[in-house]
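Got your viewer open and a selection box ready? Let's walk through the pockets of this protein together, one selection at a time.

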Amino acid sequence: MKKAVFPGSFDPLTNGHLDIITRAAGLFDELVVAVGKNTNKQGLFQPEERLALVRQAVAHLPNVTVGQIDGLTVDYMASVGAKYIVRGLRNCKDFEYERDIAGANSVLDDVETVLLFAKPENQNISSSMVKEISKLSSNRLEAFVPPVIVDALQNHFN
């Protein structure tokens, strides 16, 4: 059984994230979306809110579960029995970052990183951009985030 982890802060989950999750769910027997905290960014939603929102957004995918990660990804992977890390790439900057992280993770443990390229319609979507748009206009979010996230963002900023 091939089990993978897709780690991220998902603050908020975007259509790009959801596309990577959906495609990875088709590649692995089980996929765990591991919701963590990005220590380099100010969070919009609390961890428990992000967990609930991600669970709602992936509820239609039977082989996808959602968990919370508090430390190293490789330690979390060991705790859930996964050997694969899934990451999405939007551009060259993402590639360089993910290459370095994949190298570090392979030194820390015997894991493989699987990189999925973002579809063209998702290449410009970032959680940071979604947050900025949400602050200025909450009625144009459907192109960037799933409906459950649209509602959460509208409630947060209204």
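The stops below cover the two pockets in turn.

Before you start, keep in mind that this is a predicted model.

**Stop 1: the centre of the largest pocket**
Select Gly8, Asn38, Arg87, Tyr97 and Glu98, shown as sticks. Of the 44 residues that line the largest pocket, these five lie nearest its centre. The space around you here amounts to about 1,300 Å³.

**Stop 2: the elements around it**
Now colour strand E1 (3-8), helix H1 (15-27), helix H3 (73-80), strand E4 (84-89), helix H4 (92-108) and helix H5 (127-136); each of them gives two or more residues to this lining. Which element gives the most to the lining of the largest pocket? Pick H4: nine of its residues take part.

**Stop 3: the chemistry of the lining**
Switch to colouring by residue class. You should find 17 nonpolar, 19 polar and eight charged residues lining the largest pocket.

**Stop 4: the second largest pocket**
Next, move to a pocket of about 240 Å³. Select Asp11, Lys37, Lys41, Gln42 and Gly43, the closest to its centre among the 15 residues that line this second largest pocket.

**Stop 5: its helices and classes**
Add helix H2 (47-57) and H5 to the view, since both are worth a look: each supplies at least two residues of the lining of the second largest pocket. H5 has the largest share there, with three residues. Keep the class colours on for a last check: this lining holds three nonpolar, seven polar and five charged residues.

Key
Residues are numbered from 1 along each chain as its sequence is written. This is a predicted model: local features need pLDDT of at least 70, side-chain atom pairs count only at pLDDT 80 or more; totals for chains, interfaces and linings use all residues. Side-chain values use heavy atoms; hydrogens and water are left out. On a 1 Å grid over the protein atoms alone, a cavity is a set of points where a 1.4 Å probe fits but cannot get out, and a pocket is an open set with protein on both sides within 12 Å along at least five of seven lines; lining residues have an atom within 4 Å of a point. Grid points are joined across faces, edges and corners, and a volume is the space filled by probe spheres set on the points. Helices (H or I, at least four residues) and strands (E, at least two) are DSSP runs, numbered from the N terminus. Ala, Val, Leu, Ile, Met, Phe, Trp, Tyr, Cys and Pro count as nonpolar, Asp, Glu, Lys and Arg as charged, and the others, Gly among them, as polar.
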